[in-house]
Amino acid sequence: MSALLEVKNLQTHFPIRAGVLQRPVAWVKAVDGVTFSINEGETVGLVGESGCGKTTLGRTILQLIEPTAGEILFNGAPVTDLREFRRQAQMIFQDPYGSLNPRMTVGNIIGEALRIHKLCATRQAERERVAHLLESVGLNPDHARRYPHEFSGGQRQRIGIARALAVEPKFIVCDEPVSALDVSVQAQIINLLQDLQEKFKLTYLFIAHDLAVVEHISDRVLVMYYGKVVEEATAEEIYSRPQHEYTKKLLAAVPSLPI
């Protein structure tokens, strides 16, 4: 199995500025020398408490935040063409309320990426593609004419997933996609993501703040603590034989998720 994504000694540091000239006086090391890879078709869970740097890591990988140092390889080559990379690599955001433009219809939200990347020759082809995507995530094609405020949180997250799938990516960063949802809805979204992975041959980096969620979806798990990956193992090994004290504390603190 070949590595689709390789991250080598990645660092993302933010300056703390002070004084009249706002010169850097210290640095926040949100991502501090992280190295790992994700194989094609694999789901790697990234877990840690809020503030450990996991979301910053996901955004840095997608080049939404410029790295301070390190290397990101996709399909064995450095990322140079951002337009093409962002077609191959997409993100599902944590907040299904804030990540959708309230002034756009669902059809336009999903269709926007199709227009940017010129993936549909006609408006009719775009509408058909949007309808197919909505059906793929368990929504009615007629929902394309409605606005985000007309949907529940779980439905909005399904819309966000459809938007991510629109450009037929290979790799998706799932940034805590269920943390803002009720437990019963969390299970539905996790099952949907697994079904879509099998159907579209997707590769996931699944970011979560607890191990109970990633247990049901991940092949391997990275445990992040203060900007560093302190433990990496298969999901089974993490649960049965955790090595790092921080991992043991996470396991002890998180209740099981009924899926």
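## The six-stranded sheet

Strands E7 (residues 171–175) and E8 (residues 203–208) run parallel and are joined by 5 bridges. Asp175 stands opposite Ile207 in E8. The model is predicted.

E7 and E8 belong to an open sheet of 6 strands. The order is E6-E7-E8-E3-E9-E10, and the pairing is mixed. Strand E6 (89–92) and strand E10 (228–234) take the edges. Each has a single partner strand, so one side of each is left without a neighbour in the sheet. From one strand to the next, the twist averages 20°.

## Helices across the six-stranded sheet

H5 lies across E6 and E7. The helix runs at about 175° to E6. Helix H9 (residues 245–253) lies across strand E3 (43–47), strand E9 (220–225) and E10. The angle between H9 and E9 is about 105°.

## The four-stranded sheet

A further open sheet has 4 strands, in the order E2-E1-E4-E5. The pairing here is antiparallel. Strand E2 (23–39) and strand E5 (77–78) are the edge strands, each pairing on one side only.

E5 pairs with strand E4 (residues 69–74) over 2 bridges, in the antiparallel sense. Leu73 stands opposite Pro78 in E5. Helix H1 (residues 54–61) packs on this sheet. H1 touches strand E1 (3–18), E2 and E4, and its direction makes about 115° with that of E1.

## Gln88 in helix H2

Gln88 is found in helix H2, which covers residues 82–88. Is Gln88 buried or exposed? Its relative accessible area is 16%, so Gln88 is buried, the cut-off being under 20%. Within the helix, the side chains of Gln88 and Glu84 are joined by a polar contact of 3.0 Å.

Gln88 also has contacts beyond its neighbours within four places in sequence. These partners are Phe74, Pro169, Lys170 and Phe171. Phe74 falls in strand E4 (residues 69–74), and Phe171 falls in strand E7 (residues 171–175).

## Helix H4 and its buried face

Helix H4 spans residues 123–136. At 1.5 Å a residue, its 14 residues should span 20 Å. The end C-alpha atoms are 20 Å apart, which agrees.

Which residues of H4 are buried? They are Glu126, Arg129, Val130, Leu133, Leu134 and Ser136. Seen down the axis of H4, the buried residues fall within an arc of 155°, so they line one face of the helix. They pack against three helices: H3 (106–116), H5 (153–165) and H6 (183–200). One of these, H5, also lies across E6 and E7 of the six-stranded sheet.

## After H4: Gly138 and Asn140

Gly138 follows H4. Its phi is positive, near 85°. Asn140 is found in the loop between H4 and H5.

Asn140 has 37% relative accessibility, so it counts as partly exposed, in between the 20% and 50% limits. The side chain of Asn140 reaches the backbone nitrogen of Asp142 at 2.8 Å. How far apart in space are Asn140 and Glu66? The distance is 38 Å, C-alpha to C-alpha, with their places 74 residues apart in sequence.

Notes:
Residues are numbered from 1 along each chain as its sequence is written. This is a predicted model: local features need pLDDT of at least 70, side-chain atom pairs count only at pLDDT 80 or more; totals for chains, interfaces and linings use all residues. Side-chain values use heavy atoms; hydrogens and water are left out. Buried means under 20% relative accessible area, exposed over 50%, partly exposed in between (1.4 Å probe, protein chains only). A polar contact is a pair of N or O atoms within 3.5 Å; within protein, one must be able to donate a hydrogen and the other to accept it, and residues adjacent in sequence count only if both atoms are side-chain atoms. Contact means heavy atoms within 4.5 Å. Two strands pair if DSSP finds at least two bridges between them. Axes are lines fitted to C-alpha atoms, for helices over the stretch in contact, and angles run from 0 to 180 degrees between N-to-C directions. The expected span of a helix is 1.5 Å times one less than its number of residues. The arc is that of the directions from the helix axis to the C-beta atoms.
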